[in-house]
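Let's take a walk through this structure together, one contact at a time. Have the sequence and the 3D view open as you read.

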Amino acid sequence: MAKAVIMPKAGITVESCIIGKFMKNVGDTVNVGDVLFTYETDKASFECESTESGEILAFFFEEGDEVPCFTNVVAVGAKGEDYSALAPDGAAEAAAPAAAEEAPAAEEAPKAEAVAETTKTADGSIHISPRAKNLSERAGVDYAYATPTGPNGRIIERDIRKLMEEGVPAAAKAEEAKPAEAAQPAAAAPAPKAENGYEDIKFSGIRKVIAKSMVTSLSTMAQLTNHHSFDATAIQAFRKECKAAGGDVAGITLGDMVLYAVSRTLLNHKDLNANMIGDDTLRRFEHVNLGVAVDTPRGLMVPTIFNADQKSLLEISKEVKSLAEAARSGAISPDLLAGGTFTVSNLGATGVEMFTPVINPPQTGILGVCGITQRVREVNGQMSIYPAMGLSLTYDHRVVDGSPASKFVSELCKNLEKFTLLLAK
């Protein structure tokens, strides 16, 4: 009896995953533990191992499809076994009996002659499965010329493949030749990169999610950014002491100190340590779950340091490095990429002097950490040069007004300028 391999649930908060790449083909023999395909959430990627042994009978989805957790993805069994009962909703074409694909030519001919009628509904629309449409777009063929063999006159994947092999039916060509009833020509395949001088790159699953999140953030919030700076002399001196001391503390960075100071300062500014629930409810948190923006090969990720306000500077330093490494490797649990109450994005190493970070919904604020620049100020009538580090706070103006937002950053600057006193509290 054929059995299914399902889409795993990658974390408590994950409801669906995107199929990355199939590592096997239909007809391949697999054993328990063999990797069948890769899949990703909006934050991390994983490998799905086979839970069954036998021959791969069907894949119910395509690469790039978003599939709900616990949904059947692959059918495995003995060669020729019926797997139609395993097909999930939306994947009926994959589970159609093999006999349907081997229907006599005599039965297909009438459909080819009536292609214009069978592919369109009364309102002129064409019924086509997502998989079939995706294949037609990738292959550069017009699915309007396909002869539907799916349920209720639906074009399915095998119809597109047949169209690719056999070309446009003769009847359709004849109709196209009539001036008064000229059909739209088949979509032309994209010209080679060398001829056009450009290359089209499809967004990855995580890039799509990032794009959607950024647009949602900017279109649903009244975002405003305040720029401040502080004298970084104290934290630079403390950093030198840590390096000289060696051991674990030698790894403490200026960024770690900023995270520590943020986790303590936020406790006095609860509207920034909060999430918006709907359009009119603010959820304040007793502790600081600090999101830290991390640049990875797959895009921006924001792992969370939970209860950062209760952790020491050394604990925060170790944890943020561990989370960043897991995020970059793609092995981080999705549960560690959610639940943040405030986010810090550090671009200081890139030389940025100020920028406008975008809030990570449903949070109400995000702090951008900038680089250190040498500035001049007057001290006791003398001009003095000092290292100034920039801080850029973006906040949701629906929740926080300009004055309270500025008070938060001002207090944060004072805590960083007197960092050793902050550690003593």
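Are Phe22 and Phe37 buried or exposed? Both of them are buried. Keep in mind as you look around that this is a predicted model.

Those two phenylalanines are a handy place to start. The structure has eight aromatic pairs, and Phe22 with Phe37 makes an edge-to-face one, because the ring centres sit 5.9 Å apart with the planes at 70 degrees. The cut-off for calling a pair edge-to-face is an angle over 60 degrees between the planes. Phe22 belongs to strand E2 and Phe37 to strand E4, so this contact ties together parts of the chain that are 15 residues apart in sequence. The two rings have company, too: Phe22, Phe37, Tyr39, Phe46 and Phe59 make up one aromatic cluster.

Now for the strands that carry these two rings. E2 covers residues 16-22 and E4 covers residues 35-40, and they pair antiparallel through three bridges. If you want a spot to zoom in on, find Ile19, whose bridge partner in E4 is Tyr39. That tyrosine is also one of the members of the aromatic cluster. E4 is joined to strand E5 (residues 45-49) as well, again antiparallel, this time by five bridges. Here you can pick out Glu40, whose bridge partner in E5 is Ser45.

Put those pairings together and you get an open sheet of four strands, with antiparallel pairing and the order E5-E4-E2-E7. E5 and strand E7 (66-68) are the edge strands; each has a single partner, so one side of each is left without a neighbour in the sheet. On average, neighbouring strands in this sheet are turned by 45 degrees against each other, ignoring direction.

Next, the charges. The structure holds seven salt bridges, and three of them are worth a visit here. One is between the side chains of Lys9 and Glu15, at 3.9 Å from N to O. The cut-off for a salt bridge is 4 Å. As for how these two residues face the outside, Lys9 counts as partly exposed because its relative accessibility is 32%, while Glu15 is exposed at 57%.

Another salt bridge brings Asp256 and Lys321 together, with 2.8 Å from N to O. This pair links distant parts of the chain: Asp256 sits in helix H10 (residues 254-265) and Lys321 in helix H11 (residues 313-329), 65 residues apart. Asp256 has a relative accessible area of 3%, so it is buried. Lys321, by contrast, is at 38% and therefore counts as partly exposed.

Then there is Asp271 with Arg284, a salt bridge whose closest N and O atoms are 2.7 Å apart. Asp271 lies in the loop between H10 and strand E10 (274-277), and Arg284 lies in strand E11 (residues 281-284); the two are 13 residues apart, and again distant parts of the chain are linked. With a relative accessible area of 25%, Asp271 is partly exposed, whereas Arg284, at 51%, is exposed.

One last stop mixes the two themes, charge and ring. Which ring does the charged end of Arg377 sit over? The ring belongs to Tyr386, and the charged end of Arg377 is 4.0 Å from its centre.

Conventions:
Residues are numbered from 1 along each chain as its sequence is written. This is a predicted model: local features need pLDDT of at least 70, side-chain atom pairs count only at pLDDT 80 or more; totals for chains, interfaces and linings use all residues. Side-chain values use heavy atoms; hydrogens and water are left out. Two strands pair if DSSP finds at least two bridges between them. Buried means under 20% relative accessible area, exposed over 50%, partly exposed in between (1.4 Å probe, protein chains only). Axes are lines fitted to C-alpha atoms, for helices over the stretch in contact, and angles run from 0 to 180 degrees between N-to-C directions. Rings of Phe, Tyr and Trp (its six-membered ring) pair if their centres lie within 6.5 Å; planes under 30 degrees apart count as stacked, over 60 as edge-to-face and the rest as tilted. A charge sits over a ring if NZ of Lys or CZ of Arg is within 6 Å of the ring centre and within 35 degrees of the ring normal.
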